[in-house]
Amino acid sequence: MRSSQAVFAFAVVAVLATGLAGCKEQRDPGFQGWVEADMIFVSPDEAGRVTKLNVREGEEVKVGDALYSVDDDLQLADLNQNKATLANAQQTYDRAASLSKTGSGTQANLDSAVSALRVAEARVATSETRLARRKGFAPVAGTIQQIYFREGEMVAAQRPVLSIMPPGNMKLRFFVPETELPKLAIGDQVRVVCDNCAADLTAKIYFIATTAEYTPPVIYSLDERNKLVYLIQARPSRPDALRVGQPIDVYLNPKSSEIKTPIADKR
């Protein structure tokens, strides 16, 4: 009787141990992280008032699409002034060149007129460039992520009016302990899991930090906050399926072709 009770007790302990191990494996969240993107900020060279916005947040743009306009009164006045100076310089040059041909003028006067004409032409070109840059155009293709200044608002020089998020600039940031670093290398593919996301999301590692840091406050728990971890960054294969700021879990892919059982689940 005692022998059968001992066998039964051992079986119960074994079942409980197996169940606890299974629960622990299921609860393994992988490596925690979030989605970020390297934004492209579009700003005017000089301060001014936004007179027109051609886009809205969330709208897709192509290279060269008009984004906004800033008032150009000062730049237009400067251009007109430099054009008047150019006209005078042109007249002075024509007169000096005519006198030089007849022998009535000196070479020094002609050289001075040529110099003044070139300076005036350069100033007109500069003014035309300043005037053209009062309109902002998309330098890259992407999605309008955020608009910082709207019509009627003053924007300072080199302050962005809006930001563009190119799909290729989406990235994943996650953190791993030192013991897991030997399993990772630049170019490795990892599996990405997030709420209500597709089941086949992957990313390719392109950056591995060489210095450790404490677990960032945005993801640490009381058990994790004092651990030293290393930052890993990866480019998602399907950036359109993710959103900036979205929390994610990252799992290492096994060496075999089967992707359903990540290494992180076997730890």
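Biologist: Let me start with two residues in this structure, Trp 34 and Phe 175: are they buried or exposed?

Modeller: Both Trp 34 and Phe 175 are buried. That means each has under 20% relative accessible area. Do keep in mind that this is a predicted model.

Biologist: How many aromatic pairs does the structure hold, and what makes Trp 34 and Phe 175 one of them?

Modeller: There are three aromatic pairs. The ring centres of Trp 34 and Phe 175 lie 5.8 Å apart, and the limit for a pair is 6.5 Å, so these two qualify. As for the name, their planes are at 40°. Stacked needs under 30 degrees and edge-to-face needs over 60, so the pair falls in between and is called tilted.

Biologist: What parts of the chain does that pair link?

Modeller: Distant ones: Trp 34 sits in strand β1 and Phe 175 in strand β10, 141 residues apart.

Biologist: Why is the pair of Phe 41 and Tyr 148 called tilted?

Modeller: Their centres are 6.4 Å apart, and their planes meet at 35°, so that pair is tilted too. Phe 41 comes from strand β2 (residues 40–42), while Tyr 148 belongs to the loop between β7 (142–147) and β8; they are 107 residues apart.

Biologist: How do you know whether Phe 41 and Tyr 148 are exposed, buried or in between?

Modeller: Phe 41 has 47% relative accessibility and Tyr 148 has 31%. Buried would need under 20% and exposed over 50%, so both count as partly exposed.

Biologist: And why is Ser 163 called buried?

Modeller: Ser 163 has a relative accessible area of 1%, and the limit is 20%, so Ser 163 is buried. You will find Ser 163 in strand β9 (residues 162–165). Leaving aside residues up to four places away in sequence, Ser 163 touches Met 39, Ile 40, Phe 41, Thr 143, Ile 144, Gln 145, Gln 146 and Tyr 148. Two of those names, Phe 41 and Tyr 148, are the rings of the tilted pair.

Biologist: Which residues have the most contacts inside the largest nonpolar core?

Modeller: That core has 23 residues, and those with the most contacts inside it are Leu 172, Phe 174, Val 176, Ile 205, Ile 232 and Ile 248. Several strands share the job: β1 (31–37), β10 (170–177), β11 (189–193), β12 (202–208), β14 (228–236) and β15 (247–252) each supply at least two core residues. β10 gives the most, four residues. There is also a second, separate core of 16 residues, with Val 50, Ala 138, Val 155 and Leu 162 among them. In soluble globular proteins, nonpolar side chains tend to be buried together.

Biologist: What makes you say that β10 is mostly covered?

Modeller: Seven of the eight residues in β10 are buried. β10 also pairs with two strands: with β1 over five bridges and with β14 over six. Two strands count as paired from at least two bridges, so both cases pass. The sense is antiparallel with β1 and with β14. To find the pairings in the view, look for Glu 36 opposite Lys 171, and for Phe 175 with its bridge partner Leu 231.

Biologist: Why do β6 and β8 stand at the edges of their sheet?

Modeller: The sheet is open, has four strands in the order β6-β5-β3-β8, and pairs in the antiparallel sense. β6 (135–137) and β8 (154–155) have a single partner strand each, so one side of each lacks a neighbour in the sheet. For β6 that partner is β5 (residues 66–70), joined through three bridges; in one of them, Ala 66 is matched with Phe 137.

Biologist: Last one: how do you know what length to expect for helix α3?

Modeller: Helix α3 (residues 107–132) has 26 residues, and at 1.5 Å a residue the expected span is 38 Å; the helix reaches 38 Å from its first C-alpha to its last, close to that expectation. Its buried residues are Leu 110, Ala 113, Leu 117, Ala 120, Val 124 and Ser 127, and they pack against α2 (73–102). An α-helix has 3.6 residues a turn, so residues three or four places apart point the same way.

Key
Residues are numbered from 1 along each chain as its sequence is written. This is a predicted model: local features need pLDDT of at least 70, side-chain atom pairs count only at pLDDT 80 or more; totals for chains, interfaces and linings use all residues. Side-chain values use heavy atoms; hydrogens and water are left out. A nonpolar core is a set of buried Ala, Val, Leu, Ile, Met, Phe, Trp, Tyr and Cys residues joined through side-chain atoms within 4.5 Å. Buried means under 20% relative accessible area, exposed over 50%, partly exposed in between (1.4 Å probe, protein chains only). The expected span of a helix is 1.5 Å times one less than its number of residues. Contact means heavy atoms within 4.5 Å. Rings of Phe, Tyr and Trp (its six-membered ring) pair if their centres lie within 6.5 Å; planes under 30 degrees apart count as stacked, over 60 as edge-to-face and the rest as tilted.
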